[in-house]
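Here's a quick walk through this structure, starting where the chains meet and then moving inward. Have the viewer open as you read.

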Amino acid sequence: MNERERWLDSPRNVTRLVSALYALCAALLVADLFYDKQTHFAFEAWFGFFAVFGFVAYVFIVLSAKALRRLIRRPEDYYEHRGPGKRDA
Amino acid sequence: MLEALLNPALLLIAGGLLLPLLHEIPRKLFMLALPAASLALLCWLPAGDAGEIEFFGIAMETLRIDRLSFVFGVIFHIAAWLAVIYALHLKDTLQHVAAMVYAGAAIGAVLAGDLVTLMLYWELTALSSVFLIWARRTERAYRVGMRYLIIQVGSGVLLIAGIAVRYVATGSVDFERMDLAEPGAPLIFLAFGIKCAFPLLHNWLQDAYPEATVTGTVVLSAFTTKLAVYALARGFAGTEMLIWIGAAMTLFPIFFAVIENDLRRVLAYSLNNQLGFMVCGIGVGTELAINGAAAHAFAHILYKALLFMAMGAVLFRVGTIKASELGGLYKSMPWTAAFCIIGSLSISSFPLLSGFVTKSMILTAVAEEHRWIVWLMLLFASAGVLDHSGIKIPFFSFFAHDSGKRCAEAPANMLVAMALAAALCIGIGLYPAPLYALLPFDLDYDAYSVTHVITQLQLLLFAAAGFAVLYRRGWYPPEIPSLNLDSDWIYRRFAPAVWDGFLRALAGGRDRALQPVLRLAWRGAARLSLALRPNGRVADAWPTGTMVLWTTLLLGLFLLAGLRP
C-alpha cells in the first residue's frame, strides 16, 4: 500500500511531542511559585503537590493493574468453551 | 384522568410504538421530531405535581416537575435525540422502538411523583432496554440479555417489596427523602443500588453494555444508571454511607479498565467510575454537592455517549473493538478520532471542557466538609480516569501501533451525532452558566479559578507524563486478547460449580446407600432364576417316592385343618 507518510509516522516527531509534554509539565510546576494558591487542606499548598500526586497515582494505578492481571486474566472463551454460545464468540 | 396523559414519557412511548407502522423516510422524520416535541412538552408543562390517578386505591402523582427532575428530564431528552441521530442509518425497527420506549420510560421514572409510578417505569426501562442487547441476535447476546434482565427485574422486585413494606407501615407511597432506618427504605436503597452499579452489585453493567448493538450501547449508557443517580439524589441525599460507596466506586473500576481489552467494556468500567463521583456527591448532600452530582450527570451523559458513539463507529466500520486488534485508525477515521479525543478530554476534566466545570463541584463540596480521605480518593480516581478514558480509549484505537486496518470514515449521521455531542461538551466547558442555571439549587460557583486551572492541569499532565514514561519504556501493560474475572464470576462460575458439586455429592450418596440393597436383590433373583432353568430344581424329573411323601404330608395337613375342637 503506498500511503502518504503521516507526520506522526516518524518516531522523531513522536519524541518531539513527548518532549513538549515534559516541557509543559516543567512549566506548570514552576507556575506553582507565581500565584496565590487557594486551598481547603494544608497539604494542597505544598509545592507541586498535584503534580507529584498525579504522576505517582498514575504509575501506581497502571503497575498495580498489571499485577492484578496476573491474578484475574483468563482466555477469551473462558465462560464459553463448553456449552452453547461457543459458536458466535 | 385525561390530564395524566399529558406526560412527555407517554408521548415518547406511544410514539415509539407507532414507529413500525411508518415507512423509512417518514419514520426517520418522526423519530427526529419525537424527542423534540416531548422536550417542548416538558418545558411547557407547569412546575409542580400533576397527573393524579387512582391505582388499586392508591393515589398516584404521575408527574412531578421540580428543578431536580427537570434537569434530568432535559438531559434525557437530549441523549434520546442524539441517539436517534446516531442510529438514523439503522433499518432494524425493533431497536428504534426499544430505544424510544426505553427513553420514555426513563423520563417517566424521573418525572414520577410517587414510588408506585417510579416502580412501573423502573420495570419498563428493564424490559425495553434488554431488546437493545438481544437485537444483536447471537446466542451470546441472548445469554447476556437474560443475565441483564434477571438483575434489572430483580432490582424492580426489591423496589416493589420496599414500597409494600413502606405502604403498610406508613400508608404513603410518596417519593421524598427517606432515612435508611425507615421501614422498607433499605430495600428501596438496595434496588437503587443495583441499578446504580454499587460495588459488587455492579457487574451487570460491564457484562451487558459492551454486548449490545453498536447503537444500543449508546442508548443504554445514558439512562438506567443516571435514573438510579436521580433516584438516590431524590430519596437518599445526605446519607453518609453513600459517600464511602461512591468513593469506592470511583476507585475499583479503574484497575479493571487498565487491563481490559474490549474498549467498549473499558468505557463501561469508566462509566461505573464516573457514577462513583455522583454517588459521593449525593452522599455529601450539601446544596453544592447535589448540584455537582446533577451537573456531573448532565455532562457525563454527553461525553460518555460521545465516547460510546466513537467506539461504536469503530466497531461498525472495522468489525472489532478489541484494543489488541486496533491501532492507527486516525488515518481512516480522522473525524471520529477528533470527536473521540474531545470526549476523552472532557471526561478527564481538562479545562475548557465539560467535565472540568462539573466534577470540580463535587470535589469542592467534599473539601468543604473537610473530608480529606474521601477527597484524596476522588483525586486519585481522577488520575485513573485520565488513563482509561483519557488515554487508553483514543490511543489504542486511533494511534499506538498501526494495525494496518483501513476502513471508511463513520457514516454521516454518526458523525453529526458525535459533532453535536462534542459541541455540547465544549459549550458546557466554555460557558457553564446555562447548565448551572438548570441545577436544583441557586449557587454562585466559578470553576475557573487560577488555582483550580493550574492544579488540575498539573494533575492531568503529570499523569500523562507517567503514561509517556511507562509506554516508552515498555512497562505499560500490553493489550492482549483476554478476559478478566470480575464479580460476575461468582454467579457464572462459582455458584454453578457449587450447585454441580452439590448434585454430584447427592448422587454419590444415593449410589452408596442403594448399592448393597441392589446387590442383595440381584443375587436373590439370580438364585431364584437358577431353580427355574431347564435343568434347575423346579424343572427336574422328580422321583415318585418324593411325590408320594409330599402328597401324604399335604393330606395330613388338610386332616389337621379339618379337625374342629
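## Where the chains meet

The contact uses 40 residues from chain A and 44 residues from chain B. Keep in mind that this is a predicted model. On the side of chain A that touches chain B, helix H1 (11-31), helix H2 (49-72) and strand S1 (73-74) each put in at least two residues. H2(A) gives the most to that side, with 16 residues. As for character, the chain A side splits into 26 nonpolar, 5 polar and 9 charged residues.

## A strand pair across the contact

There's also some strand pairing between the chains. S1(A) is joined by 2 bridges to strand S3 (residues 483-484) of chain B, and the two run antiparallel. If you want a spot to zoom in on, A:Arg73 stands opposite B:Asn484 in S3(B).

## How chain B is laid out

Chain B comes in three pieces: domain 1 (1-234), domain 2 (237-484) and domain 3 (492-562). Between the C-alpha centres of domain 2 of chain B and domain 3 of chain B there are 76 Å.

## The nonpolar core

Now for the inside. The largest nonpolar core has 204 residues, and B:Leu306 and B:Met309 touch the most other members. Helix H12 (residues 287-318) of chain B gives the most to this core, with 22 residues. Both domain 1 (1-234) and domain 2 (237-484) of chain B feed the core, with at least three residues from each.

What does B:Met309 touch, leaving out residues up to four places away in sequence? The list is B:Tyr86, B:Val218, B:Met414, B:Ala417, B:Met418 and B:Ala421.

Note on methods
Residues are numbered from 1 along each chain as its sequence is written. Chains are lettered from A and ligands numbered from 1 in the order in which they are written. This is a predicted model: local features need pLDDT of at least 70, side-chain atom pairs count only at pLDDT 80 or more; totals for chains, interfaces and linings use all residues. A nonpolar core is a set of buried Ala, Val, Leu, Ile, Met, Phe, Trp, Tyr and Cys residues joined through C-beta atoms within 7 Å. A residue is buried if 20 or more other C-beta atoms lie within 10 Å of its own, exposed if 12 or fewer, and partly exposed in between; C-beta atoms are placed from the backbone. Helices (H or I, at least four residues) and strands (E, at least two) are DSSP runs, numbered from the N terminus. Domain bounds come from an automatic or database domain assignment. Two residues are in contact if their C-beta atoms, placed from the backbone, lie within 7 Å. Ala, Val, Leu, Ile, Met, Phe, Trp, Tyr, Cys and Pro count as nonpolar, Asp, Glu, Lys and Arg as charged, and the others, Gly among them, as polar. Two strands pair if DSSP finds at least two bridges between them.
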